[in-house]
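Let's take a walk through this fold together, one piece at a time. Have the sequence and the 3D view open as you read.

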Amino acid sequence: MEKLIMSVVVVLGVVAAVLLQCTTAQTVHVVGDNIGWTIPQGGAQAYQTWAASKQFVVGDILTFNFTTNEHDVLKVPKESYDACSSANPIGNTITTGPANVTLEAAGSHYFICTVGRHCLAGQKLAITVSSSPGANPPSTNTPTTPTTPTPTSNTPAACSPSPTPSPDKVEGPSAMVSPPPPSSSSIGVFASFFVSLMSIAIAFLF
């Protein structure tokens, strides 16, 4: 009987460890993919297009591929990003490439290259980070106003517009996935459940 309980404890422990590890899974995003971190030929639009095709989650890693002494990376607030200024930096300038930056908080994050006029030439990146894989970043699209239909009678019901709501637009790879992946909080609940079971099994041994 004791061997059976010990076997159950071991199995539950392994499952709990695997599930807890899933909660800290990370995705590495190579900034700009093939173009790397450099002065893009298409200007700032090149990095805007790249970022729009990705979903960034807390814990993910940005990899800035650049040659040391030719470029650098600095995280800045939005005002400095818009002005291509190194004023009010968030952290230190990273001068050695390639550089890995872990996204530690949800919200908007801004990065620039401070070398020469590189930022003014388009070497700047703005991204929005979600708290979990199932949470989409806030949409920046301006909602369209539905067209009011022409009433066909004098009744109050006929004079009221009845627009059909359109589904929210979701950009990036998540637009093709249905349903959305489970959030890390759900995995954490399952992990806690297995840990509780393991504790009960251990209690039977004593």
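Start with the open sheet: it has 4 strands, in the order β2-β7-β6-β4, and the pairing in it is mixed. At its edges sit β2 (56-57) and β4 (74-76), each of which pairs on one side only. Keep in mind as you look around that this is a predicted model.

Zoom in on the β2 edge. Strand β2 runs parallel to β7 (residues 124-130), and 2 bridges join them. If you want a spot to aim for, find Val57, whose bridge partner in β7 is Ser130. Helix α2 (residues 45-52) packs on this sheet, where it touches β2 and β7, and its direction makes about 15° with that of β7.

Now move over to strand β3 (residues 61-64). What does β3 pair with? On the one hand there is β1 (residues 28-30), paired with β3 in the parallel sense over 3 bridges. On the other there is β5 (residues 99-102), which runs antiparallel to β3 and is joined to it by 4 bridges. Leu62 is a handy landmark here: it is the bridge partner of His29, and its own bridge partner in β5 is Val101.

Are the faces of β3 covered or open? Here's a bit of background: in a regular strand the side chains alternate between the two faces of the sheet. In β3, Ile61 and Thr63 are on one side, Leu62 and Phe64 are on the other, and all of them are buried, so both faces are covered.

Phe64 leads us to the aromatic rings. A pair of such rings is described by the distance of the centres and the angle of the planes. There are 5 aromatic pairs in the structure. One of them joins Trp37 and Phe64, edge-to-face, at 5.0 Å centre to centre and with 80° between the planes. Trp37 comes from the loop between β1 and α2 while Phe64 belongs to strand β3, so this pair ties together parts that are 27 residues apart in sequence. Both partners are tucked away: Trp37 counts as buried at 1% relative accessibility, and Phe64 is buried with a relative accessible area of 0%. Trp37 and Phe64 also belong to one aromatic cluster together with Tyr47 and Phe111.

Another pair to look up is Tyr81 with Tyr110. Their ring centres are 5.1 Å apart and their planes are at 45°, so the pair is tilted. Since Tyr81 lies in helix α3 (residues 78-83) and Tyr110 in strand β6 (residues 107-112), the pair ties together parts 29 residues apart in sequence. Tyr81 is buried, with a relative accessible area of 8%, and so is Tyr110, at 14%. Tyr81 has a charged companion as well: Lys124 lies over the face of its ring, 4.3 Å from the ring centre.

That brings us to charges. Side chains of opposite charge can pair when their charged atoms come close. The count here is 2 salt bridges. In one, Asp33 and Lys54 meet at 3.6 Å, N to O. Asp33 is in the loop between β1 and α2 and Lys54 in the loop between α2 and β2, so the contact ties together parts 21 residues apart in sequence.

The other salt bridge takes you back to helix α3, where Lys78 and Asp82 are 4 residues apart, or about one helical turn. Their side chains meet at 2.8 Å, N to O. Lys78 is partly exposed, with a relative accessible area of 41%, and Asp82 counts as partly exposed at 46%.

Technical notes: Residues are numbered from 1 along each chain as its sequence is written. This is a predicted model: local features need pLDDT of at least 70, side-chain atom pairs count only at pLDDT 80 or more; totals for chains, interfaces and linings use all residues. Side-chain values use heavy atoms; hydrogens and water are left out. Buried means under 20% relative accessible area, exposed over 50%, partly exposed in between (1.4 Å probe, protein chains only). Two strands pair if DSSP finds at least two bridges between them. Contact means heavy atoms within 4.5 Å. Axes are lines fitted to C-alpha atoms, for helices over the stretch in contact, and angles run from 0 to 180 degrees between N-to-C directions. Rings of Phe, Tyr and Trp (its six-membered ring) pair if their centres lie within 6.5 Å; planes under 30 degrees apart count as stacked, over 60 as edge-to-face and the rest as tilted. A charge sits over a ring if NZ of Lys or CZ of Arg is within 6 Å of the ring centre and within 35 degrees of the ring normal. A salt bridge is a side-chain nitrogen of Lys or Arg within 4 Å of a carboxyl oxygen of Asp or Glu.
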